[in-house]
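Student: I should like to learn how to read the features of a protein model, beginning with polar contacts. Could we look at an example together?

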Amino acid sequence: MGLEEKLPSGVLLTSVEKAAGWARARSVWPATFGLACCAIELFQTGGPKHDLARFGMERASNTPRQADLMIVAGRLSQKMAPVLRQIYDQMADPKWVISMGVCASSGGMFNNYAIVQGVDHVVPVDIYLPGCPPRPEMLMDSILKLHDKIINMKLGKNRERQIAELEEARLNLRPLHLISPEGPEL
């Protein structure tokens, strides 16, 4: 018999981190950064069929100071990269970034000097959304995954420790090399 069974109905037990994470996840305001054809799908997501308002995201910010989620939709040119970084720097903490589409994630089919080969060269990316262009349903799924990430985020010193542990784990990852039974690498 646990503590939950002894409490009267209507009493909720949770931690401050979980309550703060739930509140943060339900109040994410996006700053749209539509650069190419992916932006059409991004705008479609705010329409009546998909309705971002269900997640408290109906207010797309025109100013970065009121936004905490940047959705980069489409290819990023070298000339636009400093502008993107400036807008990211003006956003309040905590802030998150979704890289929408293959062009934003890796440069896509544009492998030339004018296009940045991935938005993660300019700003840190939390969620990568593949596709050319990705469907609104895929964007909704990535937003829900970001909500899960926000809800489970630690606070205070625990957050700093969590970030340090994640960075250390990523630095210790070894590159993938396939080795045949004979010994030489494939």
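Tutor: A polar contact is a pair of N or O atoms within 3.5 Å, of which, within protein, one must be able to donate a hydrogen and the other to accept it. Please bear in mind that this model is predicted.

Student: Which backbone oxygen does the side chain of Lys95 reach at 3.0 Å?

Tutor: That of Tyr88. In addition, a polar atom of the Lys95 side chain lies 3.4 Å from the backbone oxygen of Met91.

Student: Is Lys95 buried or exposed?

Tutor: A residue counts as buried under 20% relative accessible area. Lys95 has 17% and is therefore buried. Leaving aside residues up to four places away in sequence, Lys95 touches Asp68, Tyr88, Asp89 and Asp126.

Student: Where is Lys95 placed?

Tutor: Lys95 belongs to the loop between helix 4 and strand 3. Helix 4 (residues 81–90) lies across strand 1, strand 2 and strand 3, and runs at about 165 degrees to strand 2.

Student: How should I read the sheet itself?

Tutor: Strands of a sheet pair through backbone hydrogen bonds, either parallel or antiparallel. Here four strands form an open sheet in the order 1-2-3-4, with parallel pairing. Strand 1 (30–34) and strand 4 (127–129) stand at the edges with a single partner strand each, so one side of each has no neighbour in the sheet.

Student: How many bridges join strand 1 and strand 2?

Tutor: Five bridges, in the parallel sense, pair strand 1 with strand 2 (residues 69–73). Phe33 stands opposite Val72 of strand 2.

Terms used
Residues numbered from 1 in each chain as written. Predicted model: local features only at pLDDT ≥ 70, side-chain atom pairs only at ≥ 80, totals over all residues. Heavy atoms only, no water. Pairing = 2+ DSSP bridges. Helix = DSSP H or I, 4+ residues; strand = E, 2+ residues; numbered from the N terminus. Contact = heavy atoms within 4.5 Å. Axes fitted to C-alpha atoms, helices over the stretch in contact; angles between N-to-C directions. Buried < 20%, exposed > 50% of the residue type's maximum accessible area, 1.4 Å probe, protein only.
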